Amino acid sequence: GWQAASPESQGISASTLEAALASGSSVSALRSLLVVRNGVLIGERYYGGATSTDLLAVNSVTKSVCSMLVGKALQQGKLRALTQSVGELLPDFVQKSSNSSASSVTLGQILTGTTNISYEFTTQLRALVTAPDPVQYVLGLPNDGRAPNSWSYNDAAVSLLTPILERAQGMPLEDLAKRDLFAPLGIERFSWGRDKAGNAMAYMGLKMRTRDLAKLAWLMADGGK
């Protein structure tokens, strides 16, 4: 799916690029490195036994994919605005959690990490993944006590994008991603991890080929084109 070109044709020194690609072998966790310039692929290297066909974990890039799907839903009129609250978007869940601090959180705050929902990655990620009802788990979390709109890394808040998008669009998250993002970009193979309740996780779990991940990166770098 990528047009390839020489580094020199795109104004990049071949020797400099080769040195950078070669140095990737010294990074123990690195499995792949692709370089795209002006919309063409000019460098590609795999490490640790990985290949171009492998579906590799993109971890929290999953969050960025879901933020793109929120943008599409806004464009399509399936979501009204970033100012919509969790209480408005998931009313039946909120009714089960009286006085939930998350009910007034807006879609925009979820996307910008400013929800003030209490969450600690090192101690609560497992609880989030294994919760029988992840939405109710998140709605039961207290306010973190920080100044309003303070930024925090928050898988719990982002997890709410799964039910929000699925309800707005009327289909599972994976099918939505395939329809609105992956298929138009020629992305045919991916897998998506699920929590204990069987939901695709909006905050992690996506695996893709590196060449396909590069399509998403270039899509953003090129202003959505």
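Here are two short exercises with worked solutions on the structure above.

This is a predicted model, in which local features need pLDDT of at least 70, side-chain atom pairs count only at pLDDT 80 or more, and totals for chains, interfaces and linings use all residues. Residues are numbered from 1 along each chain as its sequence is written, and side-chain values use heavy atoms, with hydrogens and water left out.

**Exercise 1. The whole protein**

Describe the secondary structure of the protein and how much of the protein is buried.

*Solution.* Start with the elements: the protein has 11 helices and five strands, taken as DSSP runs (helices H or I, at least four residues; strands E, at least two) numbered from the N terminus. Next, take the extent: the C-alpha trace spans about 60 × 35 × 35 Å along its principal axes. Finally, turn to burial: 43% of the 225 residues count as buried, meaning under 20% relative accessible area with a 1.4 Å probe, protein chains only.

**Exercise 2. The setting of Asn 116**

Place Asn 116 in the chain, decide whether Asn 116 is buried or exposed, and find what Asn 116 touches.

*Solution.* First, locate the residue: Asn 116 sits in the loop between α5 (107-112) and α6 (121-130). Second, check the accessibility: Asn 116 counts as buried because its relative accessibility is 6%. Third, list contacts (heavy atoms within 4.5 Å): leaving out residues up to four places away in sequence, Asn 116 touches Pro 142, Asn 143, Asp 144, Arg 146, Ala 147, Pro 148, Asn 149 and Ser 150. Last, look at Asn 149: its backbone nitrogen lies 2.9 Å from a polar atom of the Asn 116 side chain.

Methods. Buried < 20%, exposed > 50% of the residue type's maximum accessible area, 1.4 Å probe, protein only. Polar contact = N/O pair within 3.5 Å; in protein donor to acceptor, adjacent residues only side chain to side chain.
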